[in-house]
Structures are given as structure tokens and as C-alpha cells.
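Dear colleague,

Here is the structure that I promised to pass on to you. Please open it first, and then read the notes below with the model beside you.

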Amino acid sequence: MTLDRRNLLLGAGAVALGSALPRTAIASTSVERRFDILRKSSKLGTQRLRVSRAGDQLEVLVDIKIDVRLLGLPLYKYTMSNREVWSRGRLVSMVSDTNDNGTKEYVRAERSTGGISVKGSGYEGVISGTPATTTYWTKAFLKRPVWINTQNGEPMNVPVRKRGAEAFPFRTGQISANRYDCRGDLDTLDLFYDANDEWIGNQFIARGETARFVTSSFGGAMAPLWG
């Protein structure tokens, strides 16, 4: 069994600080969230997402591991390690390395005067404006028409449509979450955010079956860190 790579991996405090505090007074805060990667009832792998904030700077770390086996025999393996640095809503840099079943891909990106200068396995050039990335963790990305593929650096046009609230798996049960359909260069991807705008997972079609990233360990609120 082989998963649809593009759909799978493009595919990472509970109270906001008071506005009276100066931005430079915000203490360093770090929140971690973990996801199980499921296809039907089978667990294919995990994603670890950590977001840290110190002052105006955000660090986003994503680690993904997938190991698909049949009768104990390896069919497909995938690993990704991605580090992003953000400042005041703008991507400053990204370093990502991926091993997609033996195929190595990468992204090296830095902000320049013309935008984001990208050297990746799938794209080299400058992406203007304030693009998002395919880490999905902040709902603010949904308002940005261009996202950078964290696997190969490719700029992607992503129109987003809000579908409304529906039940979505969350740890050991289900909760009501707002669904957003992301299309364009992402093909078919649905992102889910709870009532507090926390990213809790996604779903897509992998070889005719629904696959999901489902929160397995919440770890606290990330939305206030975007600030």
C-alpha cells in the first residue's frame, strides 16, 4: 500500500496575555501537540508539533514518522524534520529535511528584501508577500492565498472555504470543530479547528480511503502564541 504523498504530508497557555503588557515582556512559552496518523482504523505514524514563543519570535518544530507494514514487512517509510522561525506574522526562515521512502527532499528558505528566498528539491526562487506554510498550526494561514510546501519548497495556491461545524475525532472521543476545505494545489485537504481556533487535525483521501491526523496529546493552547 502506498499513500498519496501530496495529500498526506502537506503534510504541523490557554489564556492570551493581556494587551497591556508590552510585547517584549512576553515570557518564553512552549506548547507541544502530538497527532496519530490514521487510515481507516490503522495507525500509520505520528506527528510531533512544538511551537515556542519568546518576545516577537516564534519557533515551530515538526517531526513526522510514518512506517507502513504488511505482515511485519515494510511497505512505506517517511520521515520529516522541519524548523520554522516567524516574527510578527512573517516567515523568517525554514529548514526542512524529508526522506520519502528513500527519496530525499529538502527546503532552505530565508526572508530577503524581495520576499522569501527558497532553495528546495522542488523549487528555487523568491516567493513574494507573506506566504503561509503547510504546517497548518495557526488558523491565520487560512487567510493567505499562497503556502510553501514544507517538503520541497514549492509555492502553492490554496483557496479555502469554510464548511461549518461537524464532529471530528479528538484523543479518545469526538468534539465539534469548524471544517475548512483547502483545494487548489493541495488537491483535497480538510482542516479542523476547535471553538478556540486550535488546530486539532485534518482529513484527506488516500487511495480511496479517508485518512486523518488526529490529536493524541493536546499539551495546551497554541493559538495565543501567534499573538
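The protein chain, which you should keep in mind is a predicted model, has a secondary structure that comes to 2 helices and 16 strands. Of its 227 residues, 45% are buried, and the chain exposes about 10,700 Å², with carbon and sulfur atoms supplying 48% of that area.

The interior is a good place to begin. The largest nonpolar core holds 46 residues, and the members that touch the most others are Leu49, Trp137, Trp147 and Leu191. Strand E3, which covers residues 57-70, gives this core its largest share, namely 6 residues. Apart from this core lies another one of 6 residues, including Phe168, Phe192, Ile200 and Phe218.

Next come the aromatic rings, for which a search of the whole structure finds 11 pairs. In one of them, the ring centres of phenylalanine 35 and tryptophan 199 are 4.5 Å apart and the planes stand at 35°, so this pair counts as tilted, because that angle falls neither under 30 degrees, as stacked rings would require, nor over 60, as edge-to-face rings would. The two partners come from distant parts of the chain, since phenylalanine 35 sits in strand E1 (residues 29-39) and tryptophan 199 in strand E15 (residues 199-206), 164 residues apart. Phenylalanine 35 has a relative accessible area of 0% and is therefore buried, and tryptophan 199, also at 0%, counts as buried as well.

A second example is the pair of tryptophan 137 and tryptophan 226, whose ring centres are 5.8 Å apart and whose planes are at 70°, so that the pair is edge-to-face. This pair, too, links distant parts of the chain: tryptophan 137 lies in the loop between strand E9 (132-133) and strand E10 (146-148), while tryptophan 226 belongs to helix H2 (residues 223-226), 89 residues away. Both tryptophan 137 and tryptophan 226 are buried. You may also like to look for the aromatic cluster that is formed by Phe35, Tyr136, Trp147 and Trp199.

Which residues line the second largest pocket? They are Trp137, Thr138, Lys139, Ala140, Leu142, Lys143, Tyr180, Asp197, Ala223 and Trp226, and the lining divides into 6 nonpolar, 1 polar and 3 charged residues. The space in this pocket is about 200 Å³, and both tryptophans of the edge-to-face pair, Trp137 and Trp226, are among the residues that line it.

With best wishes

Terms used. Residues numbered from 1 in each chain as written. Predicted model: local features only at pLDDT ≥ 70, side-chain atom pairs only at ≥ 80, totals over all residues. Heavy atoms only, no water. Helix = DSSP H or I, 4+ residues; strand = E, 2+ residues; numbered from the N terminus. Buried < 20%, exposed > 50% of the residue type's maximum accessible area, 1.4 Å probe, protein only. Areas by Shrake-Rupley, 256 points an atom, 1.4 Å probe, with all protein chains shown as cover. 1 Å grid on protein atoms, 1.4 Å probe; cavity = no way out; pocket = protein on both sides within 12 Å on 5 of 7 lines; lining within 4 Å. Points joined across faces, edges and corners; volume = space filled by probe spheres on them. Nonpolar A, V, L, I, M, F, W, Y, C, P; charged D, E, K, R; others polar. Core = buried A, V, L, I, M, F, W, Y, C linked by side-chain atoms within 4.5 Å. Phe/Tyr/Trp six-rings, centres within 6.5 Å; stacked < 30°, edge-to-face > 60°.
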